[in-house]
Amino acid sequence: MPIEVTPLTEKDIPGAVTCIQRAFAQDPYNNWVFSQRNFSAERNSISLTLRCRWGMKHALFHVAKDSTESSDKVLGVACWVPPSHASAPQSWSSWGGDWLLWLEQVRMNLLYGRGGLNVKRYWIWKAAQAEAQTELWTDTNGYYFCNIVTVLPEAQGKGVGKLLFRYVTDRADREGRKCYLESSRAEPNMAIYERMGFGLVKEMVCDDGGEGIRLFCMVREPKGRS
């Protein structure tokens, strides 16, 4: 199956949202932070659409498709946050994009509610993530952060995820920069990421009164460097 990886476009967003929702349906983090009884697929679709539009301008957001099909079906999605130097101030464009996304999310919450999101657990995760990244992100050149990577179940095992990764990891190698990700599954994800050069550096614990999850923080060194 010939796979083509291209930047996300507006036309791709519905397929990208479907891909993310299907791939994360049984994800441990997703099931921990969302009440499955109160989960709103509609609200989640709107939230992901907002994130996709933000990513088109402020991240490296790519989709993978079968180049021989005319349906434009999205088989996989990857969103990477580009690196920034530790001493560099946030750009006005980035700052404005973050605030616009926040305002759109507030409007979404007013219209659609939380859609089953456990706000307490969300902030437990955000605090743990901030602590982990502060501890681990020691390279002043910054890190390519893999924020989302998903492949449709029927397309897994066909090299789709590898191509989505290489689109950025090859660039990171050329620039001599590290890559970083957080996986909510030890198996089989960690072994897959290890084959692409990532190594486990920390287990992030998110606990809510004894009900918690572990996220596995992994870093990839630039190829040819130790």
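Partly exposed describes a residue whose relative accessible area lies between the buried limit of under 20% and the exposed limit of over 50%. The exercises below concern a predicted model.

**Exercise 1.** Classify glutamate 203 and its salt-bridge partner by accessibility, and state which strands the pair connects.

*Solution.* Step 1: The side chain of glutamate 203 meets that of arginine 214 in a salt bridge, at 3.0 Å from N to O. Step 2: Glutamate 203 has 38% relative accessibility and therefore counts as partly exposed. Arginine 214, at 44%, is likewise partly exposed. Step 3: Glutamate 203 belongs to strand S6 and arginine 214 to strand S7, so the salt bridge ties together parts that are 11 residues apart in sequence.

**Exercise 2.** Determine the strand order of the sheet and identify its edge strands.

*Solution.* Step 1: The open sheet has 7 strands with mixed pairing, in the order S1-S2-S3-S4-S5-S7-S6. Step 2: Strand S1 (3-7) and strand S6 (198-208) each pair on one side only, and are the edge strands. Step 3: From one strand to the next, the twist averages 25°. Step 4: At the S1 edge, 5 bridges join S1 to strand S2 (residues 60-66), and the two run antiparallel. Valine 5 stands opposite alanine 64 in S2.

**Exercise 3.** Describe how helix H5 is placed against the sheet, and analyse the salt bridge between aspartate 208 and lysine 120.

*Solution.* Step 1: Helix H5 (residues 119-136) lies across strand S4 (143-151), strand S5 (178-183), S6 and S7, and runs at about 145° to S6. Step 2: In the salt bridge of aspartate 208 with lysine 120, the closest N and O atoms are 2.9 Å apart. Because aspartate 208 lies in strand S6 and lysine 120 in helix H5, the pair ties together parts 88 residues apart in sequence. Step 3: The accessibilities are 14% for aspartate 208, which counts as buried, and 53% for lysine 120, which counts as exposed.

**Exercise 4.** Is proline 222 buried or exposed, and which residues does it contact beyond its neighbours within four places in sequence?

*Solution.* Step 1: Proline 222 is located in the segment after strand S7 (211-220). Step 2: Its relative accessibility is 3%; buried means under 20%, so proline 222 counts as buried. Step 3: With neighbours within four places in sequence left aside, proline 222 is in contact with Ala172, Asp173, Gly176, Arg177 and Lys178.

How values were computed: Residues numbered from 1 in each chain as written. Predicted model: local features only at pLDDT ≥ 70, side-chain atom pairs only at ≥ 80, totals over all residues. Heavy atoms only, no water. Helix = DSSP H or I, 4+ residues; strand = E, 2+ residues; numbered from the N terminus. Buried < 20%, exposed > 50% of the residue type's maximum accessible area, 1.4 Å probe, protein only. Contact = heavy atoms within 4.5 Å. Pairing = 2+ DSSP bridges. Axes fitted to C-alpha atoms, helices over the stretch in contact; angles between N-to-C directions. Salt bridge = Lys/Arg side-chain N within 4 Å of Asp/Glu carboxyl O.
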